Amino acid sequence: MTQEENQFLELAQIVMSLPTAPFCEDLVSGFVKEFAAGLGKTLSLYEDVFGNLLLVHEGTEAGGQAGPALIATAHMDHPGLVYEDRLSKREFVFSIKGGIPRQFATKTVPVAIYNTSGSRSQEPIAGKLQGLTKGADVPALKLRVSGKSDAAVVGPGSFAMWDLVPFASHKRRIRGRACDDLAGVACGSVSYTHLRAHETDSYLVCRLLLEK
């Protein structure tokens with residue numbers, strides 16, 4: 001495996017293991033900001049009022065003119081469940097965000113609950129889906145927290161992902177719970193590592209738009 005492939009796998013494991021859901025991309029965007037800052041002056045990062053991030057490498061040709069532009073996009077979320085309300089000490093309503101087929105959303109399966117205010121290495125709270133709620137204004141599911149987990153901390157800012165392996169790789173194949181589109185975030189980000197390593201040959205203007 002080449003050095004570039006190893007660099008991608010290392011970054012992909014970090015990015016694809018980050019918890020995320022629609023409107024709950026804070027942990028991913030926080031990592032991207034730190035990553036960009038670590039590359040120094042070779043990379044500029046801009047954030048708009050909506051939380052979209054634009055990473056820019058300004059390549060130049062020999063005469064000092066701007067080189068050809070390469071633009072890539074990715075989004076920082078993945079379909080998931082977002083906290084709406086508390087029903088009891090251990091039961092909650094989570095709304096369905098993103099394109100989740102109903103037959104998957106309504107299965108009684110384990111989920112991992114995170115919070116946007118927690119650290120990137122936070123331990124998830126174990127829960128299990130209990131089916132669709134009745135009379136909800138938005139498509140929503142009832143979720144019950146496991147008896148071994150602290151249900152008291154579940155509240156605004158909480159979101160849930162299916163309890164799947166965050167990242168695994170074997171030879172040239174990657175599996176993950178949020179390939180769409182955290183794998184895209186990793187692909188776009190690692191390209192700047194390569195540009196920095198070959199800065200004198202970086203004639204491209206490279207822009208990566210990471211959308212919330």
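Here are legends for several close-up views of this structure, which is a predicted model.

**View 1. Four strands line up into an open sheet.**
Read across the sheet and you get the order 1-2-12-3, with mixed pairing. The edges belong to strand 1 (44-47) and strand 3 (69-75), each of which has a partner on one side only. Going from one strand to the next, the twist averages 15 degrees. Helix 2 (residues 26-38) packs on this sheet and touches strand 1, strand 2 and strand 12 (205-211). The direction of helix 2 makes about 20 degrees with that of strand 2. Helix 4 (residues 179-197) packs on the sheet too, touching strand 2, strand 3 and strand 12. Its direction makes about 145 degrees with that of strand 3.

**View 2. Strand 2 and its two partners.**
Let's follow strand 2 (residues 53-58), which pairs with strand 1 in the antiparallel sense over four bridges. Look across from strand 1 and you'll find Glu47 opposite Leu53, and Tyr46 opposite Leu54. These two strands make a hairpin with five residues between them, where Gly51 takes a positive phi near 95 degrees. And how many bridges join strand 2 to strand 12? There are six, again in the antiparallel sense. Here His57 of strand 2 sits opposite Cys206 in strand 12. As you trace the strands, keep one rule of thumb in mind: side chains in a regular strand alternate between the two faces of the sheet.

**View 3. Helix 4, end to end and side by side.**
Try a quick check with a ruler: at 1.5 Å a residue, the 19 residues of helix 4 should span 27 Å, and the end C-alpha atoms are 26 Å apart, so the two agree. Plenty of this helix is tucked away: its buried residues include Leu182, Val185, Ala186, Val190, Tyr192 and Leu195. Asp181 and Ser189 are on the buried list as well. What do the buried residues of helix 4 pack against? Their neighbours are helix 1 (3-16), helix 2, strand 2, strand 3 and strand 12.

**View 4. Two stacked rings in helix 2.**
The structure holds four aromatic pairs, and Phe31 with Phe35 is one of them. Their rings are stacked, with 6.3 Å from centre to centre and 25 degrees between the planes. Why are they about one helical turn apart? Because Phe31 and Phe35 are four residues apart in helix 2. The general rule is that an α-helix has 3.6 residues a turn, so residues three or four places apart point the same way. Are these two rings buried or exposed? Both Phe31 and Phe35 are buried. Elsewhere, ring pairs link Tyr83, Phe92 and Phe94 into a cluster.

**View 5. Inside the largest nonpolar core.**
Nonpolar side chains tend to be buried together in soluble globular proteins. The largest nonpolar core here has 36 residues, and Leu55, Val185, Tyr192 and Leu210 touch the most other members. Among the elements that each supply at least two residues of this core are helix 1, helix 2, helix 4, strand 2 and strand 12. Zoom in on Leu210 and, leaving aside neighbours within four places in sequence, you'll see contacts with Val32, Asn52, Leu53, Leu55, Ala74, Met76 and Val185. Apart from the largest core lies another one, of 18 residues, among them Ile96, Ala105, Ile113 and Val154.

**View 6. Six strands close into a barrel.**
Go round the barrel and the strands come in the order 4-5-8-7-6-9, with antiparallel pairing. The twist averages 45 degrees from one strand to the next. Two of the barrel's strands, strand 7 (residues 125-132) and strand 8 (residues 140-145), pair over five bridges. In that pair, Leu132 stands opposite Leu141 in strand 8.

**View 7. Thr106 and its surroundings.**
Where does Thr106 sit? Look in the loop between helix 3 (102-105) and strand 6. With 30% relative accessibility, Thr106 counts as partly exposed, because that class runs between the 20% limit for buried and the 50% limit for exposed. Not counting residues up to four places away in sequence, Thr106 touches Gly131, Leu132 and Leu141. Now compare Thr106 with Ser95: they are 11 residues apart along the chain, and their C-alpha atoms are separated by 12 Å.

Terms used
Residues numbered from 1 in each chain as written. Predicted model: local features only at pLDDT ≥ 70, side-chain atom pairs only at ≥ 80, totals over all residues. Heavy atoms only, no water. Pairing = 2+ DSSP bridges. Axes fitted to C-alpha atoms, helices over the stretch in contact; angles between N-to-C directions. Contact = heavy atoms within 4.5 Å. Expected span 1.5 Å × (residues − 1). Buried < 20%, exposed > 50% of the residue type's maximum accessible area, 1.4 Å probe, protein only. Phe/Tyr/Trp six-rings, centres within 6.5 Å; stacked < 30°, edge-to-face > 60°. Core = buried A, V, L, I, M, F, W, Y, C linked by side-chain atoms within 4.5 Å.
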